Amino acid sequence: MDGNAPRDVNGTTDGRRVYLDKQSPAAYRALVHTADAVRATAAEAGLDRILVELVNLRVSQINGCASCLDVHTRAALRAGETTRRLGVLPAWRDTELFTARERAALALAEATTDPADRLAQDRAYGAARAVLDDEEISAVIWVAIAINAFNRVSILSRHPVRAAATASPATSAGSATASASAPVSVPLPVDATA
């Protein structure tokens, strides 16, 4: 490797990545269809939108997926989540801001994201059994599985998170312009609305 080759912000010599969603659209559509089924499962189980977005965000935090964090932070805020709770989400265990159901869902999401930690899985299941029924437990785990998959697509594609375009009087504030080379918009895996 040429030591003088230009490097991008991530230290690689070639910042180009394959956008998996564009390169393999049939596989990506299958993932979107899976997300649609997970969305329906979560709704049928009675999981509220904020709980689902907390799971999406916590998993995305663990995985370090900037694109999914961007999408799901905005979705959580639209659903009525507070900036205070979003700000302390990485330390949810150390606060009193989350309900028993949310805490159980977050623990299950973390155990799903790191399935090698069997002790954490057992503890998460134990806590979940106290406040969630089987349908809710299954739905939470499916939400975590779906967002883990989308995290990997976005991370390995290195989907960008771009600053919003400066609004002019003719455009609405905060609207972003899409680049022709931008990846296919990553859907909200378990979001009822865009």
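What share of the contacts in the protein with a separation of 6 or more comes from residues 24 or more positions apart? Here that share is 71%. Keep in mind that this is a predicted model. The views below start with the whole chain and then go in on two helix crossings and a few residues.

**Figure 1. The whole protein, built from eight helices and zero strands.** Follow the sequence from start to end and you get α-α-α-α-α-α-α-α. The protein has 194 residues, and 38% of them are buried.

**Figure 2. Close-up of helix 6 crossing helix 8.** Two packed helices are described by the angle between their axes and the distance between the axes. For helix 6 (residues 100-113) and helix 8 (residues 134-157), the axes come within 9 Å and cross at roughly 50 degrees. The two helices are therefore oblique to each other, and their crossing is right-handed. On the helix 6 side, the contact is made by Arg-101, Ala-105, Leu-108, Ala-109, Thr-112 and Thr-113. Helix 8 brings Glu-136, Ile-137, Val-140, Ile-141, Ala-144, Ile-145 and Asn-148 to this contact. Sort the residues of the contact by type and you find eight nonpolar, three polar and two charged.

**Figure 3. Zooming in on Glu-136 of helix 8.** Is Glu-136 buried or exposed? Its relative accessible area is 11%, under the 20% cut-off, so Glu-136 counts as buried. Its side chain makes a polar contact with the side chain of Arg-101, at 2.8 Å. Arg-101 is also one of the helix 6 residues in the contact with helix 8. Setting aside neighbours within four places in sequence, Glu-136 touches Ala-45, Leu-47, Arg-101 and Val-131.

**Figure 4. Helix 8 again, this time where helix 3 crosses it.** The axes of helix 3 (residues 49-63) and helix 8 come within 9 Å, with a crossing angle of roughly 45 degrees. That makes helix 3 oblique to helix 8, and the crossing is right-handed. Look for Leu-51, Val-52, Val-55, Asn-56, Val-59, Ser-60 and Asn-63 on helix 3. Their partners on helix 8 are Val-140, Val-143, Ala-144, Ile-147, Asn-148, Asn-151, Arg-152 and Ile-155. By type, the residues of this contact split into nine nonpolar, five polar and one charged. Val-140, Ala-144 and Asn-148 of helix 8 take part here, and these residues are also in the contact with helix 6.

**Figure 5. Arg-158, in the segment after helix 8.** Most residues other than glycine have a negative phi. Arg-158 is not a glycine, yet its phi is positive, at about 55 degrees. Its relative accessible area is 24%, so Arg-158 is partly exposed.

**Figure 6. Val-161, also placed in the segment after helix 8.** Which residues does Val-161 contact, leaving aside its neighbours within four places in sequence? They are Ala-66, Ser-67 and Asp-70. The C-alpha atoms of Val-161 and Cys-68 are separated by 9.2 Å, while the two residues sit 93 residues apart along the chain. With a relative accessible area of 40%, Val-161 is partly exposed.

How values were computed
Residues are numbered from 1 along each chain as its sequence is written. This is a predicted model: local features need pLDDT of at least 70, side-chain atom pairs count only at pLDDT 80 or more; totals for chains, interfaces and linings use all residues. Side-chain values use heavy atoms; hydrogens and water are left out. Axes are lines fitted to C-alpha atoms, for helices over the stretch in contact, and angles run from 0 to 180 degrees between N-to-C directions. Helices (H or I, at least four residues) and strands (E, at least two) are DSSP runs, numbered from the N terminus. Angles under 35 degrees count as roughly parallel, over 145 as roughly antiparallel, 65 to 115 as roughly perpendicular and the rest as oblique. A crossing is left-handed if the near helix is turned anticlockwise from the far one by less than a right angle, and right-handed if clockwise. Contact means heavy atoms within 4.5 Å. Ala, Val, Leu, Ile, Met, Phe, Trp, Tyr, Cys and Pro count as nonpolar, Asp, Glu, Lys and Arg as charged, and the others, Gly among them, as polar. Buried means under 20% relative accessible area, exposed over 50%, partly exposed in between (1.4 Å probe, protein chains only). A polar contact is a pair of N or O atoms within 3.5 Å; within protein, one must be able to donate a hydrogen and the other to accept it, and residues adjacent in sequence count only if both atoms are side-chain atoms.
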